[in-house]
Amino acid sequence: MSEFVRIERQGNIAILVLDVPGEPVNTLSPKFSDAFAAAISTVETDASIAAAVVISGKKDNFIAGADIKVLETVRTADEGVELSKQGQAALLRLARLPKPLIAAINGACLGGGLEVALACHYRVATDDKKTKLGLPEVQLGLLPGAGGTQRLPKLIGIAAALDLILTGKQLNAKRAKAAGIVDVVCPAPLLRQAAIDAAEKLLKRNAAAPRSPLAATSAWFKALPGHLNQKDLTALALEDNPLGRKVLFDQARKALRSKTGGHYPAPELALEAVRIGATCGFADDGAGYAAEAAGFGKLLMSPESKQLINIFFATTALKKDNGCDDATVQARPVEQIAMLGAGLMGAGIAYVSANAGIAVRLKDRDAASVGKGLAYARDILDERVRKRRSTPRDRADIMAKISPTTDYAGVRDASVIIEAVFEDIELKHKIVREVESVCSPTAIFASNTSTIPITTIARAAARPGQVIGMHYFSPVQKMPLLEIIVTDRTEPWVVATCVELGKRQGKTVIVVHDGVGFYTSRILGPYMNEAFHVLSEGVAVEAIDQALTAFGYPVGPVKLLDEVGIDVAHKASSVVKAAFAHRLDSPPGIEALIADDRKGRKNGRGFYLYNTAASKGRKSKRDTGGREVDVTVYKTLGITPGTAMASEQIATRCWLQMVNEAAHCFGEGVLRSARDGDIGAIFGLGFPPFRGGPFRFADSYGIPALLATLQAHEQRYGKRFAPAPVLADMAARGQTFYPVDGKTPNLAEPGHHGKPPLV
Ligand code: 3H9
């Protein structure tokens with residue numbers, strides 16, 4: 001018996017217990033595959049075994065997919081193709097096993113893990129919160145390479161399968177059952193028995209009417225159209241004939257292109273593998289499997305996949321990081337927090353906290369304002385219930401955790417008090433003093449400010465070591481990043497406690513040093529400023545936004561101004577510009593927009609047209625939803641659009657500013673590591689993930705080349721392009737931010753940037 005797979009017995013049923021030794025999760029690796037193949041041979045040849053159950057020995061993980069570290073060692077596309085073919089062959093063997101094979105799933109069943117489950121003949125999954133089924137390969141720049149692009153559409157239909165394969169979406173057991181992936185859902189403690197019961201049922205059924213185990217379980221699928229709604233029937237009708245299928249694939253390809261801008265080859269190749277598979281009915285060993293293997297090998301060698309895999313490992317490392325250079329610093333427990341300010345940010349923070357099981361005291365100055373905050377949290381939950389992501393019971397439990405107040409009642413019991421009031425330093429100082437007079441002496445005071453240095457806020461505090469910044473992004477319930485800001489005086493336990501709180505709220509957390517604009521707003525400022533320069537030179541708004549979306553940002557900088565709010569951006573950027581006026585010259589104009597009451601989407605008056613009450617009758621009555629430029633904006637700015645500038649030139653000017661400012665932050669010790677800088681820019685600002693973040697991108701561009709490009713721009717456009725000093729140092733020493741084959745010094749990990757520790 002292998003230490004990877006143990007075989008236990010219950011009568012004539014074999015239980016294959018998967019348990020990769022010494023690892024927190026099961027992953028598919030050559031060693032695992034050998035052990036699993038040997039166990040399957042035993043099931044095949046041992047006449048006393050009539051059926052088998054595949055279950056995990058881990059507490060809350062079935063199989064997390066192929067071992068990504070092994071994938072990283074693949075050197076050529078051909079090797080990748082071979083790896084995929086081996087996976088396909090191993091799983092085909094499972095699917096063809098003449099004895100019923102049941103997957104018993106608890107915890108993550110992802111990628112290759114779901115492919116194993118799909119090759120089994122029946123799937124039982126638990127209703128545990130950790131149980132998630134999906135094919136997240138596209139998020140790593142890959143496609144499911146062990147038959148997933150063929151077996152999933154064969155099981156649940158092409159349209160439903162594409163929804164999972166092209167997005168990497170993960171389903172809980174209940175939703176997986178509704179989709180037709182899972183046959184039975186049960187509570188976690190009953191999993192083993194439920195799987196054994198299923199094996200016995202299949203054995204009985206087969207004995208009554210012998211047929212292949214697969215046929216025994218797919219019979220229900222044949223009866224499915226009777227239970228489908230109109231939308232599903234249309235999808236099936238489209239899938240069932242070649243012309244309909246062509247329409248379906250053409251639509252999917254078009255939708256993909258418009259979403260990815262052609263920057264992500266993985267979903268396109270996955271779609272192609274499904275399309276080819278569909279032409280031969282997803283036959284075992286058919287052309288679809290060959291296309292899948294070819295796509296897998298190609299993608300494994302792609303630079304996009306390498307960057308996305310880097311992001312996976314960076315976020316995994318951040319899950320374990322306590323935010324302090326001393327890894328032994330412990331977080332203190334947080335049972336209750338107080339949230340001061342019930343606006344969109346405050347209400348959003350209250351919601352993510354309550355959702356994590358933390359009691360929240362939500363305070364605002366009057367009942368109407370707190371009521372609005374509660375209604376906002378309730379709306380988020382209503383939407384989740386409507387989409388069946390939460391139950392009405394969950395909604396009631398979460399809402400019960402948020403208690404409203406208009407005074408400081410209950411603040412004494414809070415371990416962390418977060419303020420999200422107006423960006424007014426007098427007000428913040430008043431609140432710090434009031435809070436300190438009523439809260440516990442061990443309570444932490446966190447500010448959600450995006451513009452005021454935390455050191456300035458802490459000046460009013462009697463306990464400045466317990467003052468910290470927690471910069472959330474809007475909308476809080478959707479944005480994955482939390483930027484935590486520490487001053488020279490913030491205590492390490494305060495940092496560790498807030499990092500832990502952020503993780504419980506579901507955030508990826510980076511810790512940065514206090515300073516003007518912290519990290520994210522600081523690198524956004526010069527980027528937006530450059531877009532404004534380009535605009536003031538007479539380049540059209542659409543041309544600027546298209547240039548940056550073509551580079552890979554989800555929205556262009558001008559559209560982003562409308563979304564964030566021109567007034568908000570103006571306030572934030574004036575702080576950054578004032579601090580760096582010696583090197584950041586900014587064009588005039590934004591003041592004219594403010595004077596013209598252009599605040600962006602929120603008041604329907606910005607760079608684009610919105611069909612809101614405020615914009616109706618001004619220009620267009622059609623609902624353009626921000627898709628068309630409001631040409632009157634040029635007059636407000638005193639600009640005549642018409643200057644032609646190459647898209648690449650526009651994009652380069654803007655990204656150079658962001659990357660150079662990130663290098664400034666790195667050199668000044670604002671960041672703990674290049675890794676944090678990459679994650680902050682990707683998760684907080686939408687820096688194109690396939691480029692890996694500003695530091696990975698700088699490395700792949702080449703530090704000397706980056707330096708030269710900045711110098712050329714400095715000559716042409718002025719001092720705002722002067723390279724960050726760290727870049728010149730690194731170029732002179734032949735350094736990169738990340739190690740190259742372990743040869744260069746590693747500047748990417750905390751504690752290796754040559755600066756003293758932040759905390
Ligand atoms: C694939 O399957 C390709 C196939 O289709 C084709 C084959 C031919 N590999 O996140 P955590 C490690 S591609 C290697 O902190 P959690 C992780 O690095 C794969 N390592 O725990 C960490 O290590 P360490 C498709 C992995 O509970 C430790 O496990 N699959 C892998 O918060 C704990 O992880 C995916 O994309 C892996 N596949 O979340 C799933 N998975 O302790 C990726 C985890 O040394 N994984 N590790 O730092 C996840 O989404 C999450 O890790 C998971 C657990 C939900 C499983």
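Here is a friendly chat about the rings, charges and ligand in this structure.

Me: How do you know what kind of model this is, and which parts count?
Reply: This is a predicted model, where local features need pLDDT of at least 70, side-chain atom pairs count only at pLDDT 80 or more, and totals for chains, interfaces and linings use all residues. Residues are numbered from 1 along each chain as its sequence is written, and side-chain values use heavy atoms, with hydrogens and water left out.

Me: Why is the pair of Phe 32 and Phe 36 called stacked?
Reply: Rings of Phe, Tyr and Trp (its six-membered ring) pair if their centres lie within 6.5 Å; planes under 30 degrees apart are stacked, over 60 edge-to-face, and the rest tilted. The centres of Phe 32 and Phe 36 are 5.8 Å apart and their planes stand at 25 degrees, so this pair is stacked. Both residues lie in helix H1 (residues 30–45), four residues apart, about one turn of the helix.

Me: What makes the pair of Phe 695 and Phe 737 edge-to-face?
Reply: Here the ring centres are 4.8 Å apart and the planes meet at 75 degrees, so Phe 695 and Phe 737 form an edge-to-face pair. The pair links distant parts of the chain, with Phe 695 in helix H29 (residues 694–701) and Phe 737 in the segment after helix H31 (725–733), 42 residues apart. Helices are DSSP runs (H or I, at least four residues), numbered from the N terminus.

Me: Why does Phe 695 count as buried?
Reply: Buried means under 20% relative accessible area, exposed over 50%, and partly exposed in between (1.4 Å probe, protein chains only). Phe 695 has 1% relative accessibility, so Phe 695 is buried. Phe 737 also has a relative accessible area of 1%, so Phe 737 is buried.

Me: How do you know that the charged end of Arg 332 sits over the ring of Trp 493?
Reply: A charge sits over a ring if NZ of Lys or CZ of Arg is within 6 Å of the ring centre and within 35 degrees of the ring normal. The charged end of Arg 332 is 3.6 Å from the centre of the Trp 493 ring. Lys 363 lies over the face of Tyr 408, at 4.8 Å from the ring centre.

Me: What makes a polar contact, and how far is Lys 320 from the ligand?
Reply: A polar contact is a pair of N or O atoms within 3.5 Å; within protein, one must be able to donate a hydrogen and the other to accept it, and residues adjacent in sequence count only if both atoms are side-chain atoms. A polar side-chain atom of Lys 320 lies 2.4 Å from an oxygen atom of the ligand.

Notes
Helices (H or I, at least four residues) and strands (E, at least two) are DSSP runs, numbered from the N terminus.
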